[in-house]
Amino acid sequence: MRARRFVPGGGFVLLVASWGGLAVFLAWGMEQPDLDRAWWILTRADRGVAELSEEDAAALARCIERHPALALDRLGGKRRKHLARTAGGWSAAPVSYFLALRGPEAGLPVTLEARGARAWPLAVEVEVGGAACRLEFAEAGTRSCVVPLPPLPEARPVLGRLVVRGDFAEAGGGKPAGLRFVEPREGAAR
């Protein structure tokens, strides 16, 4: 008796390929679209539930790049603003995200005020689009740096991140402690 090799027929191959295609299609369809995820992220940030994860930040950055009106609406005329709920603009989170409006000039100037650190000095990394600058606070006060970014043809919103090396206590007198953005004054040099 001769051993016979069984080779799957064309119908079987088509059946397996269609089931594989269906599985890929269902996996793709169950993925949450970036705009839905951005809405969910922004709603959580409004409620002050939690800071963003790195995956949430990446999805939100993609949405802001494609739909700048999302960030422009939240900025409300400001040039820099914390994404999460703050106490009068002050954030004491060790890692926090912010929205910024980049102009056509090279670099993104950032000015932060710090108060109420448990111990000085306090270091803050400002990261935007893969570039970063570092602020060192020897005491409460205001410091500035410029994140080295290439110029843009027009003003665009971006998502940035603050990483604090240190932590905050109560500032005294019932004042909130942490970091806040300082807006440049009208007519003042940036």
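How many of the 190 residues of the protein count as buried? The share is 35%. Keep that in mind as we go. One caution before we start: this is a predicted model.

Let's take the overall build. The protein has four helices and eight strands. Read from the N terminus, the order is α-α-α-α-β-β-β-β-β-β-β-β. So picture the helices coming before the strands along the chain, because that is how the elements run.

Now the dimensions. Along the principal axes, the C-alpha atoms fill a box of roughly 95 × 40 × 30 Å. The radius of gyration is 24 Å. A compact globule of 190 residues would have a value near 16 Å.

What about contacts? Take the contacts with a separation of 6 or more. Residues 24 or more positions apart account for 68% of them.

Next, the surface. The protein exposes about 11800 Å². Carbon and sulfur atoms supply 58% of that area. As for charge, there are 26 positive and 21 negative side chains. The centres of the two sets lie 4 Å apart.

On to single residues. First up, the cysteines.

How many disulfides does a search of the whole structure find? It finds one. The partners are cysteine 133 and cysteine 145, with their sulfur atoms 1.9 Å apart. The pair links distant parts of the chain, twelve residues apart. Cysteine 133 sits in strand 5, residues 131–137. Cysteine 145 sits in strand 6, residues 141–147. For anyone new to the term, a disulfide is a covalent bond between the sulfur atoms of two cysteines.

Are these cysteines buried or exposed? Cysteine 133 has a relative accessible area of 10%, so it is buried, the cut-off being under 20%. Cysteine 145 comes to 11%, and it counts as buried too. Cysteine 63 is also buried, with a relative accessible area of 1%.

Stay in strand 6 for a moment. Arginine 143 is found there. Why does arginine 143 count as partly exposed? Because its relative accessibility is 27%, and partly exposed runs between 20% and 50%. Which residues does arginine 143 touch, leaving out those up to four places away in sequence? They are Val110, Thr111, Leu112, Leu135, Glu136, Phe137 and Ala138. Valine 182 is 39 residues from arginine 143 in sequence. In space, C-alpha to C-alpha, the two are 9.4 Å apart.

Now move to strand 2, residues 95–102. Serine 96 has its place there. Serine 96 is buried, with a relative accessible area of 3%. Leave aside its neighbours within four places in sequence. Serine 96 is then in contact with Glu51, His82, Ser91, Gly160, Arg161 and Leu162.

Next stop, a helix. Leucine 72 lies in helix 4, residues 69–75. Its relative accessible area is 42%, so leucine 72 is partly exposed. Not counting residues up to four places away in sequence, leucine 72 touches Leu101 and Pro157. Now look for leucine 99, which is 27 residues from leucine 72 in sequence. Their C-alpha atoms are 8.8 Å apart in space.

Two loops to finish.

Threonine 86 lies in the loop between strand 1, residues 80–82, and strand 2. Threonine 86 is partly exposed, with a relative accessible area of 28%. Valine 147 is 61 residues from threonine 86 along the chain. The C-alpha atoms of these two residues are separated by 23 Å.

The other loop runs between strand 3, residues 108–115, and strand 4, residues 122–128. Proline 121 has its place in that loop. What kind of peptide bond joins tryptophan 120 and proline 121? A cis bond, with omega at about 5 degrees. For background, most peptide bonds are trans. Find that bond on your screen and take a look.

How values were computed. Residues are numbered from 1 along each chain as its sequence is written. This is a predicted model: local features need pLDDT of at least 70, side-chain atom pairs count only at pLDDT 80 or more; totals for chains, interfaces and linings use all residues. Side-chain values use heavy atoms; hydrogens and water are left out. Buried means under 20% relative accessible area, exposed over 50%, partly exposed in between (1.4 Å probe, protein chains only). Contact means heavy atoms within 4.5 Å. A disulfide is a pair of cysteine sulfur atoms within 2.5 Å. The radius of gyration is taken over C-alpha atoms; the globule rule is 2.2 Å times the number of residues to the power 0.38. Accessible areas come from the Shrake-Rupley method with a 1.4 Å probe; for residues, only the protein chains shown count as cover. Lys and Arg count as positive and Asp and Glu as negative; His and the chain ends are not counted. The place of a charge is taken as NZ of Lys, CZ of Arg, CG of Asp or CD of Glu.
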